[in-house]
Structures are given as structure tokens and as C-alpha cells.
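Student: I would like to learn how to read a model such as this one, taking one feature at a time. Could we begin with the way the chain is divided?

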Amino acid sequence: MKDRVYNFSAGPSQLPEEVLREAADEMLNYKGTGMSVMEMSHRSKAFQDIIDHASDTFRELMHIPDDYEILFLQGGASQQFSAIPLNLMNGSGKADYIITGQWAKKAFNEAKRYGDARAVASSEDKTYSYIPKVKKEDFREDADYVYICANNTIYGTRFKPDEIPDTGDIPLVADFSSLILSEPFDISKFGVIYAGAQKNMGPAGVVVAAIRKDLIGNAREDTPTMLNWKTQADAGSLYNTPPTYGIYICGKVFDWVKENGGVEGMCEINKKKAGMLYDFLDNSKMFKGTVVPEDRSLMNVPFVIGDEELEKKFVKEAEEAGLVNLKGHRTVGGMRASIYNAMPVEGVQALIDFMQKFEEENIDQLEK
Ligand SMILES: *Cc1c(COP(=O)(O)O)cnc(C)c1O
């Protein structure tokens, strides 16, 4: 059997090996229940303990204040692109979006179906390679909410924790899918944060959200029951059968984060990993990063050679060396290394060593 590889996929992505082993050990008989978590009633005490533990640990790790509800939702992050306007576009019907990539744009296009969504700023002019600067005055005073995508998985930019736009009293909604649990953020600056699990928490399908309680309960009349946050909040995320196994794995990943220094500990390692890779890119004669240095993501690192044949060769040979899923997104080309929490420092070092070797072997083929 093939050994485990270093998986640089943007998502679903690598999970901590300890978590997978523990889940394997508990597969047939979870804590003496005689069954797998997959086979367990979501109304059982054993599952209630699982979801409570996951919720409490998430709150602790993210320092989420008491006036926020934590919800486990379904439908992926994309489902929330609709749920957000349905739940929040209930005052002026206006919402301001900052367009920093495809995910923000998809969310924006969805909001336009329900009301007056406006793009306040966009970095589309330069293939989303930077974060546009926005001032408080740029937002409409009566907007129901302002929306950002905190980390742009495809393009590799992020809003840094100290550069979150100041929206005053307007609730700020943020897609945290690809940076959740990777560095500390002051959650009280946000009205809503949400994240699809498959980047940094667990299996695809589950979405974890923290929503300020006063923003729950004002959904538009025509909101489908399942998309109304109040339905889910009132039922403790158990209105219908939730993605039970996914929530269980998320809980284990939260425990793993806690055992490894919490979000603060993750952040320290993530800065080290990203720093190693960006340093290499900045000094390489063959590879270069595609994002302005000040807005670089700690999680997704796109880079190019600028020669399609060599890029293809790189991705293929990397895969043969056990470094997989390095092909860039189809809209950017080149390569992308996603280095989420579960990617160890050794994995990033192995990638850098491989890049160095590839550069030495192929530099003469690069026409400059
Ligand atoms: C992956 C991703 C999504 C889409 O997630 P789904 O669970 O597939 O809907 C949305 N936003 C961001 C930032 C992502 O990285």
C-alpha cells in the first residue's frame, strides 16, 4: 500500500493523522455504545455529548463571546451565500460586498437575487492579487450588512486580523472557510463568521457558524425553513438529522488544535510554514508568488514558473515524489500549495527541497 502523501489540496484537504487514527479505532464501537457514530441516533445522549463538546471546544478555541450562537449547518459554505441575504437583508434591503475573489463574487451574485447588493471594492482588475483598501465612509450607512471573504482560497490573499474593515454599527459577515482556526481574530468585530469544514476542520458538507444572537430571528418571510438560522438555533442544530459523522470529526480536530497550542499555537506554526515557503519563492530564479507580499495568505500559496510545460512537469514529478495536488486553480494556472493546520512543517520543507532540486535540474530550460 502507498504511504500517506503530503496532500496540498485546497479542499477537501489533509487532516491530522492522529484524528484519522482515533476515528479508525472508534469506527466499530464508539465508547462502548456497540456502534459507529455513523449508525447512532442524532437524538441519543452519546451524540448530544459529541455535538456539545464540539460546540464548546470551538467556542473556547475561537474565544467566541456568549452573545454568539454556534451553529452546525449543512450545504457547504455555498449554501450560506443564499442564507446570509435571506436572514439579514431585512431592513433597507441593501448589502455591501468587497469582491476579493471568486467566492466573494459568488456570494455577491447570490445576494443580488434578493436585494440591493453593491460591490464596494474589487481587486478583479489584477486577478485578485491584492486586498483593496476600504474606509468606513465607503459603506452605505443603512446597509443591512457588509460582506468579506477573509481568506481567498483560490488567489491566496487574506484580510489580516488587524486589517478587518471597520464597518461601525453595520454587521460584518465573513467567510472564514479557508482560514478558520489558523490565526486568532477578534470575533466581536463580526456579526457572522462561517466556514465550510473541508479546508481546516473536517469532512465536506458541515458548516460551522458563529452568529451574533441579535442577528437571528429576522429572516425574510420567504426564507426556507432549513435556511432560517432561527430554526437551527432553536433546535440546537438538530432541527433535522445533522451531518453527524462530520460533526464528530470536527470535534476531534478541535481537540487536536487545543492539544497543539490552540489557535495561537497553530498561528505560530502557520507563520513559520508560510514564511519558509514565501522566503523560498522570493529568492528563487524559477518560481514566483502571485500575490502582493502584504496581503499574502498563510493557508494558500499560489506560485508560477511562467512556462506551462515546466509547470506541468513540476506537478507531475512532485506527485511522483509524494507531494500531491499542487496544480493551481484553473483560473490562475501555475501551482498552489495549500498548507492548512494539518500540514506539518516537514511537509512544507519537503516541498521546498523538491522545488530547489527541480529548479537546479530545469533552470537551463527556462528561456529568459
Ligand atoms: C471552498 C470554499 C467555499 C465553498 O465551499 P463549499 O463547501 O464547497 O460550498 C466557499 N468559500 C471559500 C472561501 C472556500 O474556500
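Tutor: The C-alpha centres of domain 1 and domain 2 lie 28 Å apart, where the domain bounds come from an automatic or database domain assignment. Domain 1 covers 18–259 and domain 2 covers 261–367. The contact between them, counted where heavy atoms lie within 4.5 Å, takes 30 residues from domain 1 and 27 residues from domain 2.

Student: What should I keep in mind about the model itself?

Tutor: This is a predicted model, in which local features need pLDDT of at least 70 and side-chain atom pairs count only at pLDDT 80 or more, whereas totals for chains, interfaces and linings use all residues. Residues are numbered from 1 along each chain as its sequence is written, and side-chain values use heavy atoms, with hydrogens and water left out.

Student: Which residues have the most contacts inside the largest nonpolar core?

Tutor: A nonpolar core is a set of buried Ala, Val, Leu, Ile, Met, Phe, Trp, Tyr and Cys residues joined through side-chain atoms within 4.5 Å, and buried means under 20% relative accessible area with a 1.4 Å probe, protein chains only. Here the largest such core has 92 residues, and those with the most contacts inside it are Phe58, Phe176, Leu181, Met201, Phe287 and Phe314. Helix 6 (residues 244–259) gives the most to this core, with 9 residues, helices being DSSP runs of H or I with at least four residues and strands runs of E with at least two, numbered from the N terminus. The core draws at least three residues from each of domain 1 and domain 2.

Student: Which residues is Phe58 in contact with?

Tutor: Leaving aside its neighbours within four places in sequence, Phe58 is in contact with Ile64, Ile70, Ile180, Leu181, Met201, Val208 and Phe254.

Student: What is the strand order in the open sheet of 3 strands?

Tutor: Strands of a sheet pair through backbone hydrogen bonds, either parallel or antiparallel, and a pair is accepted if DSSP finds at least two bridges. In this sheet the order is 11-12-14, with antiparallel pairing; strand 11 (288–289) and strand 14 (335–338) are the edge strands, each pairing on one side only. Strand 11 pairs with strand 12 (residues 300–304) over 2 bridges, and Lys288 stands opposite Val304 in strand 12.

Student: Which residues come nearest to the ligand?

Tutor: Of the 13 residues around the ligand, each with a heavy atom within 4 Å of it, the nearest are Ser78, Thr153, Asp175, Gln198 and Lys199. An oxygen atom of the ligand is 2.5 Å from an N or O atom in the side chain of Lys199, and one is 2.9 Å from an N or O atom in the side chain of Gln198.

Note on methods: Buried means under 20% relative accessible area, exposed over 50%, partly exposed in between (1.4 Å probe, protein chains only). A polar contact is a pair of N or O atoms within 3.5 Å; within protein, one must be able to donate a hydrogen and the other to accept it, and residues adjacent in sequence count only if both atoms are side-chain atoms.
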